[in-house]
Amino acid sequence: MSEATTAVAVEDLTCLFSDRGLVETDRLAEQLHVTKVELARATGLSRDALSKRARSNSPKTQQRLRDTVDIINRAIPWTGSTARAFAWFRSQPLPSFGDKTAEDLLKEGRAQAVKDYLSRIADGGYA
């Protein structure tokens, strides 16, 4: 395995899934260096959605968290790290979406549009 491949593998956030396939909110917040309140804000979820186990395991909450992990994972190879990918997710305006950020689009329920956008870029397309 090359050094570049190793770096990406270490940065892959899919290791934050439990044996049951759930995103572990404590571990995700820790990996992103944010509090659970900040993670809730970034994902458009309520504070209770991440602090109460029954709510954090709900299908809606888990889908939003899986989308977040997937988007950040797709950005890691060209941003270079989880921290940079998360910064891109939160702050980089995307011209194709009226300068909304990936975070804005996720909150609007448009995670698939962001994933499709990132797939086009990965395939060599233009934004």
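**Exercise 1.** In this predicted model, decide whether E108 is buried, partly exposed or exposed, and describe the salt bridge that joins E108 to R110.

*Solution.*
Step 1. E108 has a relative accessible area of 40%. Buried means under 20% and exposed means over 50%, with partly exposed in between. E108 is therefore partly exposed.
Step 2. Apply the same reading to R110. Its relative accessible area is 34%, so R110 is partly exposed.
Step 3. A salt bridge requires a side-chain nitrogen of Lys or Arg within 4 Å of a carboxyl oxygen of Asp or Glu. For E108 and R110 the N to O distance is 3.6 Å, and the side chains meet in a salt bridge.

**Exercise 2.** Find the distance between the closest N and O atoms of K36 and D26, and state which helices hold the two residues.

*Solution.*
Step 1. The closest N and O atoms of K36 and D26 are 2.9 Å apart, and the two residues form a salt bridge.
Step 2. K36 belongs to helix α3 and D26 to helix α2; they are ten residues apart, and the pair links distant parts of the chain.
Step 3. K36 has a relative accessibility of 26% and so counts as partly exposed. D26, at 48%, is partly exposed.

**Exercise 3.** Explain why R74 and D70 are separated by about one helical turn, and name the network of salt bridges that includes them.

*Solution.*
Step 1. R74 and D70 form a salt bridge, with the closest N and O atoms 3.2 Å apart.
Step 2. Both residues lie in helix α6. They are separated by about one helical turn because they are four residues apart in that helix.
Step 3. R74 is partly exposed at 32% relative accessibility, and D70 is partly exposed at 25%.
Step 4. The network of salt bridges links D67, D70, R74 and K115. For the protein, the count of salt bridges comes to nine.

**Exercise 4.** Locate T79, decide whether T79 is buried or exposed, and list what T79 touches beyond four places away in sequence.

*Solution.*
Step 1. T79 is found in helix α6, which covers residues 59-79.
Step 2. The relative accessible area of T79 is 15%. T79 is therefore buried.
Step 3. A polar atom of the T79 side chain lies 2.9 Å from the backbone oxygen of A75.
Step 4. Leaving out residues up to four places away in sequence, T79 touches R84, A85 and W88.

**Exercise 5.** State what is notable about the phi of H33 and the phi of D99, and say where each residue lies.

*Solution.*
Step 1. Most residues other than glycine have a negative phi.
Step 2. H33 has a phi near 60 degrees, a positive value in a residue other than glycine. D99 has a phi near 65 degrees, again positive in a residue other than glycine.
Step 3. H33 lies in the loop between α2 (25-32) and α3 (36-43). D99 lies in the loop between α7 (82-91) and α8 (102-107).
Step 4. With a relative accessible area of 69%, H33 is exposed.

**Exercise 6.** Describe the whole protein: how many helices and strands does it have, and what percentage of its residues count as buried?

*Solution.*
Step 1. The protein has nine helices and zero strands.
Step 2. Of its 127 residues, 38% count as buried.
Step 3. The accessible surface comes to about 7200 Å², and carbon and sulfur atoms contribute 49% of it.
Step 4. Among contacts with a separation of 6 or more, 42% join residues 24 or more positions apart.

Technical notes: Residues are numbered from 1 along each chain as its sequence is written. This is a predicted model: local features need pLDDT of at least 70, side-chain atom pairs count only at pLDDT 80 or more; totals for chains, interfaces and linings use all residues. Side-chain values use heavy atoms; hydrogens and water are left out. Buried means under 20% relative accessible area, exposed over 50%, partly exposed in between (1.4 Å probe, protein chains only). A polar contact is a pair of N or O atoms within 3.5 Å; within protein, one must be able to donate a hydrogen and the other to accept it, and residues adjacent in sequence count only if both atoms are side-chain atoms. Contact means heavy atoms within 4.5 Å. Accessible areas come from the Shrake-Rupley method with a 1.4 Å probe; for residues, only the protein chains shown count as cover.
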